[in-house]
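Q: Please take me through one part of this model slowly. I would like to see how it sits among its neighbours, and then how that spot fits into the whole.

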Amino acid sequence: MTKSAGDSRNVRVDREVEAHPRSLRLPGIVLGVGLGGFVDGILLHQILQWHHMLTSTDTDRIGVDSYPADTVHGLQMNTVWDGLFHTFTWLAVLVGLALLYSRVTTARRRVWTSRALWGWVLVGWGLFNLVEGIIDHHVLGIHHVRSGEHQTLWDLGFLVLGLALVVVGWLIQRSARALDLGNAA
């Protein structure tokens, strides 16, 4: 059986990625930040409606006007800021995909099944939770995971989840072979 030019190109790319397994770090983390933001925005902001970007500005630490979600004006402002938040997460996903594509263009299937990539995605998601949780929930106080009697516990749980995602992601990517080729061809 004769190898085609495409086959030899795939082997070259596979060897290049195998030689530099950390080349998936940045795309994975950026994708994780975007995807983690989407989970937060879609699940917590829209489906469960536990909070929006500015729902705790009546108790924030930076003096933002109050925008309660149970008033038309408050919901309008929160919707705008939620939209800006979703724009950021969408751009993070696009940038992460562009970075990933620039790293590997002929071994895409192998990359998408790689433990290294998905480990870094979990690290990025966890970093999103940690940064967003520390800044928005604790430092600025502009919203909480779930406002009310146990809001501090919900906010701390969000940080614990973020830390767990970083640790699990780190361990997954560390356990990956150079590109974890598996059975994907």
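A: Start with G126, which is buried because its relative accessible area is 0%. The cut-off for buried is under 20%. Keep in mind that this model is predicted.

Where is G126? Look in helix 5, which covers residues 115–139. Now ask which residues touch G126, apart from its neighbours within four places in sequence. They are G162, L165 and V166. Find these three on helix 6, where each of them is buried. So G126 has no exposed area, with 0% relative accessibility, and its contacts G162, L165 and V166 are buried too. Another residue to mark is F158. The C-alpha atoms of F158 and G126 are 9.5 Å apart, while 32 residues separate the two along the chain. F158 is also among the buried residues of helix 6.

Now turn to helix 6 itself. Its buried residues are D155, F158, L159, G162, L165, V166, G169 and Q173. What covers them? Helix 2 and helix 5 are part of the cover. Next, check the length of helix 6. It has 25 residues, and at 1.5 Å a residue these should span 36 Å. The end C-alpha atoms are 36 Å apart, so the two values agree.

Aromatic rings come next. The whole structure holds three aromatic pairs. One of them is W50 with W154: the ring centres are 4.7 Å apart and the planes meet at 65 degrees, so this pair is edge-to-face. The cut-off for that label is an angle over 60 degrees. W154 belongs to helix 6 (residues 151–175), and W50 to the loop between helix 2 and helix 3, so the pair ties together parts that are 104 residues apart in sequence. Are these two rings fully hidden from solvent? W50 has a relative accessible area of 22%, so it is partly exposed. W154 is partly exposed as well, at 36%.

Another pair is W120 with W170. Their ring centres are 5.5 Å apart and their planes lie at 80 degrees, so this pair is edge-to-face. W120 sits in helix 5 and W170 in helix 6, so the pair links distant parts of the chain, 50 residues apart. W120 counts as buried, because its relative accessibility is 3%. W170 counts as partly exposed, because its value is 38%.

Move on to helix 2, one of the covers of helix 6. Helix 2 has 23 residues, which should span 33 Å at 1.5 Å a residue. Its end C-alpha atoms are 31 Å apart, which agrees. L43 lies in helix 2, which runs over residues 25–47. At 38% relative accessibility, L43 is partly exposed. L43 joins V39, I42, I47 and L48 in a nonpolar surface patch of about 400 Å².

Step past the end of helix 2 and you reach Q49, in the loop before helix 3. The phi of Q49 is positive, near 55 degrees, and Q49 is not a glycine. Most residues other than glycine have a negative phi. Q49 is exposed, since its relative accessible area is 56%.

The other side of helix 2 is worth a look. S23 lies in the loop between helix 1 (5–19) and helix 2. S23 counts as buried because its relative accessibility is 18%. The C-alpha atoms of S23 and A116 are 9.4 Å apart, though their places lie 93 residues apart in the chain.

Helix 3 covers residues 72–103. Its 32 residues should span 46 Å, and the end C-alpha atoms are 46 Å apart, which agrees. Its buried residues include G74, D82, H86, V93 and L100.

Finally, step back. The chain has six helices and zero strands. Of its 185 residues, 40% are buried. Take the contacts with a separation of 6 or more: 76% of them join residues 24 or more positions apart. The chain exposes about 10,300 Å², and carbon and sulfur atoms supply 65% of that.

Notes
Residues numbered from 1 in each chain as written. Predicted model: local features only at pLDDT ≥ 70, side-chain atom pairs only at ≥ 80, totals over all residues. Heavy atoms only, no water. Patch = residues over 30% accessible without salt bridge, like charges linked within 9 Å, V, L, I, M, F, W, Y side chains within 5 Å. Areas by Shrake-Rupley, 256 points an atom, 1.4 Å probe, with all protein chains shown as cover. Salt bridge = Lys/Arg side-chain N within 4 Å of Asp/Glu carboxyl O. Helix = DSSP H or I, 4+ residues; strand = E, 2+ residues; numbered from the N terminus. Buried < 20%, exposed > 50% of the residue type's maximum accessible area, 1.4 Å probe, protein only. Contact = heavy atoms within 4.5 Å. Expected span 1.5 Å × (residues − 1). Phe/Tyr/Trp six-rings, centres within 6.5 Å; stacked < 30°, edge-to-face > 60°.
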